[in-house]
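Me: I'd like to learn how to read helix packing in a model like this. Can you walk me through it?

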Amino acid sequence: MDRTSPVPLYHQLAQQLEAAIEQGRLAPGSLLGNELELAARLGLSRPTVRQAIQSLVDRGLMVRRRGVGTQVVHSRIKRPLELSSLYDDLEAADRRPATRVLRNTVEPAPAEVAAALGVAEGSDVHLVERLRLAHDEPVALLRNHLPTGLLDLDTGRLEATGLYRMMRSSGITLHSARQSVGARAAAGEEAGLLAEPPGAPLLTMERTTFDAGGRAVEFGSHVYRASRYAFEFQLLARP
């Protein structure tokens, strides 16, 4: 700890604990020692240690469990903004992705979906709604609309793998996408599904994906737990 720094000691400790979680030195499920013992070992006051831990609890990196203590949950998922699926990104990060299919049906295309997919409003489109989990913890609620007849959207396969992987295995070449990212508060049923309180912040993403021929093959409208998930951007300076 740098006691000459203008950065508060609790924030320095929180940064060090977060780095240990991100780097795997504090693995998911690890228990922190007693606050008094931790304060004595680090030469800090108990209120400083408590404030540092609380800041990580507030950000979803740790949780206080009655009768157990303070436990590391999972580091926040950082996903690059590129044409990849959440399932593949979680699998590559060894996050044990799992899927619960909530709806798998055909419905009339709402105006927004029809415009994205280039079909007539009210025409049939396929809707797939899924809850995506990592380490058995909900991370995102995914709604995808696809043209009917594009591929076999078997519920069992949707729960066993990712949608993009299914599309590629069906011979669909994913070429490009148009995407927007935003945020809003959790409400109603989605808050319960994502294990967040009503009003908790959610990240939103809408994406229209095109194949090599320029045909729109899916329109996704997704929400992610801001406490567990972040998008990463790489920015380049203009020449």
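Me: Which residues in H2 meet which in H3?

Reply: Contact means heavy atoms within 4.5 Å. Here Glu35, Leu36, Leu38 and Ala39 of H2 meet Arg46, Val49, Arg50 and Ile53 of H3. Helices are DSSP runs (H or I, at least four residues), strands likewise (E, at least two), numbered from the N terminus. This is a predicted model: local features need pLDDT of at least 70, side-chain atom pairs count only at pLDDT 80 or more, and totals for chains, interfaces and linings use all residues. Residues are numbered from 1 along each chain as its sequence is written, and side-chain values use heavy atoms, with hydrogens and water left out.

Me: At what angle do the axes of H2 and H3 cross?

Reply: Axes are lines fitted to C-alpha atoms, for helices over the stretch in contact, with angles from 0 to 180 degrees between N-to-C directions. These two come within 9 Å and cross at roughly 110°. Roughly perpendicular covers 65 to 115 degrees, so H2 and H3 fall in that class.

Me: Which residues of H2 are buried, and which are exposed?

Reply: Buried means under 20% relative accessible area, exposed over 50% (1.4 Å probe, protein chains only). In H2 (residues 35-42), Glu35, Leu38 and Ala39 are buried. They sit on the same side of H2 because they cover an arc of only 100° around the axis, taken from the directions from the helix axis to the C-beta atoms. The face turned away from that buried side carries the exposed Glu37, Ala40 and Arg41.

Me: What do the buried residues of H2 pack against?

Reply: Helix H3 (46-58) and strand E1 (62-65).

Notes:
Parallel < 35°, antiparallel > 145°, perpendicular 65-115°, else oblique.
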